[in-house]
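Trainee: Got a minute to go through this one with me? I'd like to start with what the words mean.

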Amino acid sequence: MKFIKAQTLLLSAGALLFLYSTNVLPQSRTDRRQITQIEEYCVGCHNFEDYAGSLDLETILTDEIPRNPEHWEKAIRKMRAGMMPPPGQDRPSERNYLALTEWLENKIDSAADINPGTKTLHRLNQSEYANVIEELTGIRINPSLYLPADSSARGFDNQAGSLTISPTLLEAYTKAAAQIARMAVGFWSSPNEMTYIVEADNSQNMQLDGMPLNTRGGIAVEHNFPADGEYSFSMQNFGMGSFIPGEKLELSIDGERVHLFEYTGVGVFSGMGGGQDGSLDVTVPVKAGTRLVGATFLATNYRPDIGLIQQYDRKSVENDPIPQVHNHPAIGMMKVQGPFNAERPENSVSQEKIFICSPANADEEPECATRIISKLAKQAFRRPVNSEDISPMMTFYAQGRSGGSFEDGIELALRRLLADPEFLVRREHEPAELNDGDVYPITDLELASRLSFFLWSSIPDEALIDLAASGRLSEPEILEEQVLRMLDDPRADALVKNFGQQWFYLRNLPTTAPDGIYYPNWDAELRHSFQEETELLFESIMREDRSILTLLDADYTFINERLAKHYGMPNVYGAHFRRVELGDEFEYRRGILGQGSFLALTWAENFRTSPVKRGVWVLENLLGTPPPAPPANVPALEETGEEQITTLRDQLTLHRENEPCATCHAIMDGIGFALENFDADGKYRTHAGHPRQFGGKSTPIDSEVVLWDGTPVNGPVGLREVLLKYSPQFVRFAVEKLMTYGVGRGVEYSDMPAVRKIVKDSEKDDYRFSALVLGVVNSPQFQMRMKVSENVEELAAY
C-alpha cells in the first residue's frame, strides 16, 4: 500500500510539473509551496484510490483551485476548525496551516461570482402568520389551532423551499380567515371550549410568570375571548390525598382576582363537585380580547414535611416513580367555555386597530370603508395599494353591506383580505426584460419585506414601507439606520424565539425527560428554566450588541431560585430570572457549554450522559462541521457484552477501536469526555455512576483528554478555551445560520465567499451582533436575485 501511495504522489507531482511547464497553472512561489503542502498532508488519503471523506483532492489539484470550489470548500471548512489532517496524522506548523487555509480561501474568493437566491414565492409560516394577524387586528392567536405544522429545512421552519402550499392548507387558511375576521369585528357569538393541560411532570412549586407574588404553581395561559360575555372556567385533577389546611386557589384574569376557592379538608375545595376527583367551576363575565388567565394557589403555607420519606423537587400530578408526600395540591387541566350571553364588544383592541373611521350616515360609508380596507391592504400586502388592489375586498364589502350593517361589510372584506395570496405569500417580481441567469437587485419594497421578516418575523411597519416606497431604503446609510432601529424594537424578540430557539434546538427541550428514579429533581419547571436561561443569554447579546463570541465565554448567566438550587449557586430567591456574574468558582458554567439546555438535550439514555451526542452537538452547532452518519449495523454500547468495563469512557474506547468508527469518534469523543463533569441533568459532578451502570459503582470523572487537533485539555474550561482558539470558524458558522434564516434558503458552497467577507468586515467591530446582521443584510444574497425560467411556471401557478 505504501508503495502504491508513493507512486501516486510521484505521478501527481509529475502531472503538476507538466502543467507548470505548459503554463496551465500559475508558477508563483507561494502557489508551489501551498500545493506541496497539500500533496504532503492531504493527498495521501484524499486521492482517487482511497477517496477518504468522499473527497479526491489528487485529481482536482491538477486544475485551477477556483474551478472546483465545491470540493475545496469542504477542505476549508475542516481546516478552519482544525479537523484535518485527522488526529494522529502529521500536520504543518500552525503558521503554515493558517497560510494554506487563507491561500485556498483567497483563490476561491478572487474568482467567485455573485450567488443570490432564485425563489420568488415565500409562504408565511405559523409564527409569521400569528405575528402578522396581531399586527393587523390586535388579536393574539395560537396558530397551531388553525394551521397544520410547518416543515423544517436547514434547521429552520422559514425556508422558502419547504413552505409548500396544498389544497388542505388553503382550506385551513380560508377557515382561519373567517374566524379571525369575525372575532376582530366583534361578531363572535357561538360558545366554544378550549382545554389547557399542564405538563405531567410539572411540580407546581414556584410562582408562574405573570402571576401575583406569593402564589405557587397552577396554570397560566393566554386565552383569546372572542366577545364580551360570560365564560365558564373549570379546574380539574388536583393530585391525591389530603392537603395542608388553609390552601386557596385563585382564578385571575390579567392579574386581577375574579374568584377564590378555599380548601375545606379531606381533598375538597369549596365549590368542588363530585369530591376530590371533581372540578372547581365558576362562571364570570369577561371582556373581549387576548387575556392572561391564571389559576394559581396562594403560597400561605411552607410547612416542611417531617416524614421519613426524602423529598425531591419533582412533585407532580403524574404517577411519580418515587414515593412522595404531596403536601400541596396541583392543577392538571383547565377548561374555558364561552361566550354565553355574548355581546358585541365596544372599543376592543381589534376594533380600535380596524375601525380608523366611523361613518355618521350611509353616504359616508363607502369612503370610510375604502380608508379602512386600504390601510389594512397596505399592511397585509406590504406595499402601497391602489383601487385595483382593493377592488376584490370592496366587492366583498358591498356584498356584506347589502345584507347587513357597515360592520358586516368590513368583516367580509377582512375575511377576503386574510385569504388573499398577496397576504399569505411573499412574492418577488422578476423583470420581464432580463434573461435566464441574469442577476438583479430586488426592489426597495421587497427589501423591506425581507428585512422585517428577518428581524421581526412579521410585516414591515409604516415607516419602513414609506421609506421603501420612496426608493430610499436601499441607500446604505438609511438601510443601516433602519436595521439598528428594528433590532432595538421589541418585535426583534422574534429573533430569540424563532432564530435562537431553532439554532440551539431549544424547541426539543419539552421531549427531554431523564428517568425520574435516577434524576428525581428533574421536572417541567427545571426544563423551562433551562430554556429561559439560554434565551436570555442570546437576548442579552442581541439587545446589548455584544460580540457573538459571548455565546462561548459569557462570564454571566440568568437564573432563578429553581435553577440556582440545581446549579448549587447560593443566595438566589424567587421565580423571576436575574442576571448573575459567574466568578472563578463557577467558571465551568460560562457560555453555552455550561448551560443546562445544551447538556440536557444531549443525554443518551434515561440514566446516563452521552459524550458522543455532546461532541456531535458541538461539531454541528458551534463549528459547523457535522460528522458523517454512522455506518449501518453498529451495535449500541450496551450490546458490546464487555462486563469488565467499569466506566463509560472505557466502554467508548473499546467501541472505537475498530474502523470505520475510530476516525470520527477520535474527534467527537474528546469533546464529550471534556464535558463529563456535567451529568445528564446538567448538574456538576466529580463522580459518575448509577445503579444501572457498571455494576452500581461510582467512579471519579476523568475529563482529561487530547482533542482532535492534539491539544490536551482538562474539563469544560479547557474545552472552551480551545473553541475560542477556533472562534473565527464559530463566527463563520453563526453568519451561515443568520444568512440561512434571513434569506430563507440554505447556504451553499458558492455563498462562502460572501460569508467570509461578512466575518472579515465584522472583525474590526469584535464580531458584534449588529455587525453580523448588517453584513447579512448588505450581502448580495439578501439584496439580489437571479432570474431562472422555472419561476415563470411557479408564478403562473401562483
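Mentor: Sure, let's fix one term before anything else: a residue is called exposed when its relative accessible area is over 50%, and buried when that area is under 20%. Keep in mind that this is a predicted model.

Trainee: Okay, so is Glu481 buried or exposed?

Mentor: Glu481 has 52% relative accessibility, so it counts as exposed, given that the cut-off is over 50%.

Trainee: And where does Glu481 sit?

Mentor: Look at helix H15, residues 476-487; Glu481 is in there.

Trainee: Which residues gather with Glu481 in a patch on the surface?

Mentor: Glu475, Glu477 and Glu480 gather with Glu481, and the patch carries negative charge.

Trainee: Let's zoom out. How many helices and strands are in the chain?

Mentor: The chain has 29 helices along with 22 strands. It runs to 798 residues, and 53% of them are buried.

Trainee: What about the area the chain exposes?

Mentor: About 35,500 Å², with carbon and sulfur atoms supplying 51% of that.

Trainee: And the contacts, what share join residues at least 24 apart?

Mentor: That share is 71%, counted among contacts between residues at least 6 apart in sequence.

Trainee: Switching to backbone oddities. Which peptide bonds are cis?

Mentor: Two to look at here. The bond from Met84 to Pro85 is cis, with omega near -5°, and a cis bond also joins Gly338 and Pro339, where omega is about 5°.

Trainee: Where do Pro85 and Pro339 lie?

Mentor: Pro85 is in the loop between helix H4 (69-80) and helix H5 (94-110). Pro339, on the other hand, lies in strand S11, which covers residues 333-343.

Trainee: What is phi for Asn571 and Tyr767?

Mentor: Asn571 has phi near 65°, and Tyr767 has phi near 55°. Both values are positive, in residues other than glycine.

Trainee: Where do I find Asn571 and Tyr767?

Mentor: For Asn571, go to the loop between helix H19 (561-567) and strand S15 (578-581). Tyr767 is in the loop between helix H26 (752-763) and helix H27 (769-777).

Trainee: Back to your cut-offs, then: why does Asn571 count as exposed?

Mentor: Because Asn571 has 64% relative accessibility, and the cut-off for exposed is over 50%.

Trainee: And Tyr767, buried or exposed?

Mentor: Tyr767 is at 9% relative accessibility, so it counts as buried.

Definitions and conventions. Residues numbered from 1 in each chain as written. Predicted model: local features only at pLDDT ≥ 70, side-chain atom pairs only at ≥ 80, totals over all residues. Heavy atoms only, no water. Patch = residues over 30% accessible without salt bridge, like charges linked within 9 Å, V, L, I, M, F, W, Y side chains within 5 Å. Areas by Shrake-Rupley, 256 points an atom, 1.4 Å probe, with all protein chains shown as cover. Salt bridge = Lys/Arg side-chain N within 4 Å of Asp/Glu carboxyl O. Lys, Arg positive; Asp, Glu negative; His and termini not counted. Charge placed at Lys NZ, Arg CZ, Asp CG, Glu CD. Helix = DSSP H or I, 4+ residues; strand = E, 2+ residues; numbered from the N terminus. Buried < 20%, exposed > 50% of the residue type's maximum accessible area, 1.4 Å probe, protein only. Contact = heavy atoms within 4.5 Å.
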